[in-house]
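Visitor: I've got the chain on screen and I'd like to know what stands behind the labels. Can you walk me through a few?

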Amino acid sequence: MKHIPRRSNNLSVFVVVGSILLFAFFMYNEDVKSIAEFPFSRQKARQENDAAQTSNDLQEQPTLEVQQKANGEAPPSKMILMPRSDGEANRPVKKKFAGENGDGERGDNRDVDADDGKMQEIKKMTKEEEEKENEKKEAVPEEEDIVYDIPKDCDLFDGEWVFDNVSYPLYRESDCEFMTEQVTCVRNGRKDTLYQNWRWQPRKCSMPKFSAKLLLEKLRGKRLMFVGDSINRNQWESMVCLVQSVVPAGKKSLTKNGSLNVFRAEEYNATVEFYWAPFLVESNSDDPKMHSILNRIIMPESIAKHAENWRGVDVLIFNTYIWWMNTFKMKVLRGSFENGSTEYDEIERPAAYERVLRTWSKWVDANIDERRTKVFFCSMSPLHIKSMDWFNPNGIKCALETTPIPKNISYLEVGTDRRLLVVATNVTSSMKVPVFFVNLTTLSEYRKDAHTSVYTIRQGKLLTPEQKADPETYADCIHWCLPGLPDTWNEFLYAKLISRS
């Protein structure tokens with residue numbers, strides 16, 4: 001029997017196989033299409049794009065920070081990469097650091113499924129995240145609630161001067177209407193301004209960025225008073241210029257009444273005051289206008305007359321030094337000025353200085369409530385009279401000096417009477433009431449460039465061109481230009497006033 005080929009069966013097999021292949025090809029195309037639409041398919045591309053974008057952000061960030069710092073703006077938020085649990089490529093996530101205000105914008109969420117239900121779920125999650133973000137914003141402290149801690153191992157006064165023409169000066173001379181002609185060096189003809197661009201950098205910590213608004217919030221309803229000589233008046237003018245910029249016009253004023261000068265910030269019900277008492281105790285130099293007396297006489301144990309004006313003050317900053325330096329011995333009155341006494345004894349300067357500070361410390365301990373009043377004592381502000389002290393044989397006092405003494409000169413001797421520094425340190429450290437000792441002496445000795453020199457007044461009048469041409473006679477190497485070095489002294493006060501430590 002002959003077998004007839006089963007062509008129909010083979011044909012059926014081919015049809016079945018062909019149908020399966022066609023169906024598989026169709027399903028394959030649909031799967032490819034579906035996968036192409038699913039977000040995971042873009043994972044590698046996103047990783048590359050995000051990596052490139054992150055790299056660009058990191059490259060651009062320093063430039064942005066410098067620009068924003070120069071404009072007084074907050075630095076950009078730091079970005080870190082956080083892995084997502086759903087396998088998506090790492091994406092930048094904003095991380096908050098101390099000092100940020102939390103007002104970052106949220107971008108739109110573009111990582112959505114084709115499925116509408118998934119889209120709704122993601123939108124819902126975004127809304128919940130926004131609510132949480134709003135709660136975080138509400139929890140961010142206001143500026144007046146921010147505190148600064150001075151590390152225990154940090155000596156604010158041990159550091160170096162760093163040139164910084166981005167952040168300094170902290171204000172412009174032309175913006176402060178309350179400066180006197182004694183300190184407006186640029187207005188008085190000084191051409192160089194580099195002395196305004198030096199920032200003090202402690203070695204083991206950093207100074208907090210000065211905020212006039214924050215300081216005034218700390219002083220709301222309070223009085224801050226500088227007490228002392230013309231150097232403390234110099235520092236008082238600096239403080240007024242530092243804070244007045246945030247007080248609206250018409251809401252600030254300055255009044256002078258005898259020995260007391262008062263700057264008032266009405267919106268804060270706060271005052272920044274200066275009280276003239278060059279020796280802290282009674283002397284024949286207590287008149288705030290007629291005090292240019294060569295024969296200076298003091299009453300070391302008599303302080304009550306001045307101290308009555310210090311009661312009820314919330315922040316007291318004392319100093320006394322410059323008026324001790326015109327003679328090697330001090331004249332101590334026998335009796336009192338009220339009784340017309342004229343006889344006096346001459347005693348060594350350090351002994352007289354210690355008697356005065358012991359009288360002052362007893363008054364502070366007996367009359368100051370440390371729970372209400374903070375007390376500061378500023379050490380001696382140096383003079384720069386002899387240019388050979390900083391190895392400049394061609395110099396004339398501090399005139400024409402435009403830069404600080406180089407930091408590689410580790411030991412300076414510019415005529416500061418450090419015996420008085422020792423006395424002040426010992427007295428303030430032995431008091432019952434805590435006194436913050438502002439040790440400004442050594443760091444200020446490097447600033448030969450910052451004095452008013454010939455760009456100032458003498459006996460109430462600006463120096464004439466002829467007087468300016470004679471710096472040997474007329475250069476003032478005692479007081480300081482503003483903006484300038486006294487701003488740094490006030491930054492020390494600021495750091496302590498906003499600190500919890």
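**Salt bridges and burial**

Guide: Sure, starting with a pair: Glu273 and Arg223 form a salt bridge, and their closest N and O atoms are 2.8 Å apart. Keep in mind that this is a predicted model.

Visitor: What makes Glu273 and Arg223 a salt bridge?

Guide: The cut-off is 4 Å between a side-chain nitrogen of Lys or Arg and a carboxyl oxygen of Asp or Glu. The pair has its closest N and O atoms 2.8 Å apart, so it qualifies. Glu273 sits in strand S8 and Arg223 in strand S5, so the salt bridge ties together parts that are 50 residues apart in sequence.

Visitor: Why is Glu273 called buried?

Guide: Buried means under 20% relative accessible area. Glu273 has 2%, so the label fits.

Visitor: And why is Arg223 called partly exposed?

Guide: Its relative accessibility is 26%, which falls between the 20% and 50% limits, so Arg223 counts as partly exposed.

Visitor: Which label does Arg203 get, buried or exposed?

Guide: Arg203 has a relative accessible area of 55%, and exposed means over 50%, so exposed is the word. Arg203 also forms a salt bridge with Asp158, with the closest N and O atoms 3.0 Å apart.

Visitor: What makes S9 and S13 edge strands?

Guide: The open sheet of 4 strands is ordered S9-S10-S12-S13, with mixed pairing. S9 and S13 each have a single partner strand, so one side of each is left without a neighbour in the sheet.

Visitor: How do you know that S12 and S13 pair?

Guide: Pairing takes at least two bridges. S12 and S13 are joined by 5 and run antiparallel, so they count as paired.

How values were computed:
Residues numbered from 1 in each chain as written. Predicted model: local features only at pLDDT ≥ 70, side-chain atom pairs only at ≥ 80, totals over all residues. Heavy atoms only, no water. Helix = DSSP H or I, 4+ residues; strand = E, 2+ residues; numbered from the N terminus. Buried < 20%, exposed > 50% of the residue type's maximum accessible area, 1.4 Å probe, protein only.
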